[in-house]
Amino acid sequence: LSFHDEMRRAIARDEFFVVYQPVYSNKTGEASGAEALMRWQRSNGEWVSPDIFIAAAEAEAMIIPLTRHLLSLIVRDSADWQVPAGFHLGVNVAAEHLQDASFLDDIRQFARHMALHTQQLNITLELTERSLIGDPQTVISKLEELRSEGFRVAIDDFGTGHCTLSYLQTFPLDYLKIDKGFVAAIEQVNGETPVLDTIIQLSHKLALQTVAEGVETPLQFHYLKQRGVTFIQGYLYARPMRSEEMINWLKNPP
Ligand code: G
Ligand code: G
Ligand code: G
Ligand code: MN
Ligand code: NA
């Protein structure tokens, strides 16, 4: 069986599920939202890492069906949600999907279904820099339409791509998600992390809000907070968790 066929079968057998990682806001001191992350456990109990199956899905023309499946799983989960109004839900979107003609319809249908189930959510589309290469005008107009409808746009894994920085001025964006590699470089409060500091200053100049990823230690947390990073995501605050677990966690956060 090819990976492509295995993924099709795994969708049919309901082997994929979604975990949600809460994100902390330095403005409110509370959870501001969560990122949806896909997981696959085969019926024999074996786990397939998302790094493997997302890359395989992208390589084998399965990323669009897999993302549609992800969206339907989130809709299913959200039937039980009681989240605060304005809660942000981050969803990872692949370049191929963003550039496909089906993209706007898929995202709008998802938002309509979510609106039937839960309070007003701010759906945030997490794009990688790679998504912005290609036909910029078409991508810009899609993102502008979605933003005018209330969706937010984040650049994920910021600083690891191969784009020139000029896209930051031409694409309609709300958030920069600082890649965890830069956060891992923080080792002492008065230490030097010149690239990270420059990314934070750049985002302030561009009036973009920042999300730091992979925050694992109190030292990293304070360092980022001191420098004006708006949102913190990482194991220190919360691990990715199943939907029911997140709902309980939100009632009683740290
Ligand atoms: O979730 P982390 O646990 O290990 O995910 C590893 C990688 O897989 C990350 O780069 C993450 O962005 C990506 N990933 C996880 N879930 C999804 C998803 O639903 N869609 C896409 N496109 N990427 C995902
Ligand atoms: O979509 P993105 O590439 O940003 O995916 C986030 C990835 O980071 C996921 O794989 C998630 O499981 C992982 N992650 C979340 N918090 C932490 C953390 O504190 N440390 C590390 N190493 N990884 C994290
Ligand atoms: O690894 P992390 O804490 O980010 O995963 C959150 C939950 O997702 C775990 O509690 C577990 O149920 C499930 N999970 C996702 N990927 C894996 C994996 O590779 N191994 C195991 N044991 N659990 C995983
Ligand atoms: Mn992401
Ligand atoms: Na990221």
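## Strand pairing around β4

Two strands pair when DSSP finds at least two bridges between them. In this predicted model, β4 has such bridges to both β2 and β5. Histidine 88 of β4 stands opposite asparagine 122 in β5. β5 covers residues 121-127, and 6 bridges join β4 to it. The two strands run parallel. β2 also runs parallel to β4, with 4 bridges between them. Here glutamate 35 stands opposite glycine 90 in β4.

β4 spans residues 87-92 and is mostly covered. How many of its residues are buried? The count is 6 of 6. In a regular strand the side chains alternate between the two faces of the sheet. In β4, Phe87, Leu89 and Val91 point one way. His88, Gly90 and Asn92 point the other way. Both sets are buried.

## Confidence

The mean pLDDT of the protein is 94. Residues at 70 or more make up 100% of the protein. For the complex, the predictor gives an ipTM of 0.83 and a pTM of 0.90.

## Nonpolar core

The largest nonpolar core holds 59 residues. Ile178, Ala212 and Ile232 have the most contacts inside it. Beyond four places in sequence, isoleucine 178 is in contact with Phe158, Gly159, Val183, Leu196, Ile199, Thr210, Val211, Ala212 and Glu213. Ala212 thus appears in both lists: among the core residues with the most contacts, and among the partners of isoleucine 178.

## Ligand surroundings

Ligand 1 is surrounded by Leu37, Met38, Pro50, Asp51, Ile54, Leu70, Asn92 and Ala94. By class, this shell has 6 nonpolar, 1 polar and 1 charged residues. β2 (31-41) and α2 (50-59) each supply at least two of them. Which element gives the largest share? It is α2, with 3 residues.

Ligand 2 has 14 residues around it. Asn92, Gly214, Glu216, Gly234 and Tyr235 come nearest. The class split for ligand 2 is 4 nonpolar, 4 polar and 6 charged. Asn92 of β4 is also listed around ligand 1. The shell of ligand 3 consists of Val19, Arg39, Trp47, Ser49, Arg239 and Pro240. It divides into 3 nonpolar, 1 polar and 2 charged residues.

## Histidine 97

Histidine 97 lies in helix α4, residues 95-98. Is histidine 97 buried or exposed? It counts as buried, because it has 22 C-beta neighbours inside 10 Å and the cut-off is 20 or more.

Proline 65 is 32 residues away from histidine 97 along the chain, yet their C-alpha atoms are separated by 9.4 Å. Setting aside neighbours within four places in sequence, histidine 97 is in contact with Ile63, Ile64, Thr67 and Phe103.

## Positive phi angles

Most residues other than glycine have a negative phi. Alanine 61 has a phi near 55°. Alanine 61 sits in the loop between α2 and α3 (63-78). Alanine 61 is exposed, because 10 other C-beta atoms lie within 10 Å and 12 or fewer counts as exposed.

Aspartate 157 also has a positive phi, of about 50°, although it is not a glycine. Where is aspartate 157 placed? It is in strand β6, residues 152-158. With 18 other C-beta atoms within 10 Å, aspartate 157 is partly exposed.

How values were computed. Residues numbered from 1 in each chain as written. Chains lettered and ligands numbered in written order. Predicted model: local features only at pLDDT ≥ 70, side-chain atom pairs only at ≥ 80, totals over all residues. pLDDT = per-residue confidence, 0-100. Core = buried A, V, L, I, M, F, W, Y, C linked by C-beta atoms within 7 Å. Contact = placed C-beta atoms within 7 Å. Near = placed C-beta within 6 Å. Nonpolar A, V, L, I, M, F, W, Y, C, P; charged D, E, K, R; others polar.
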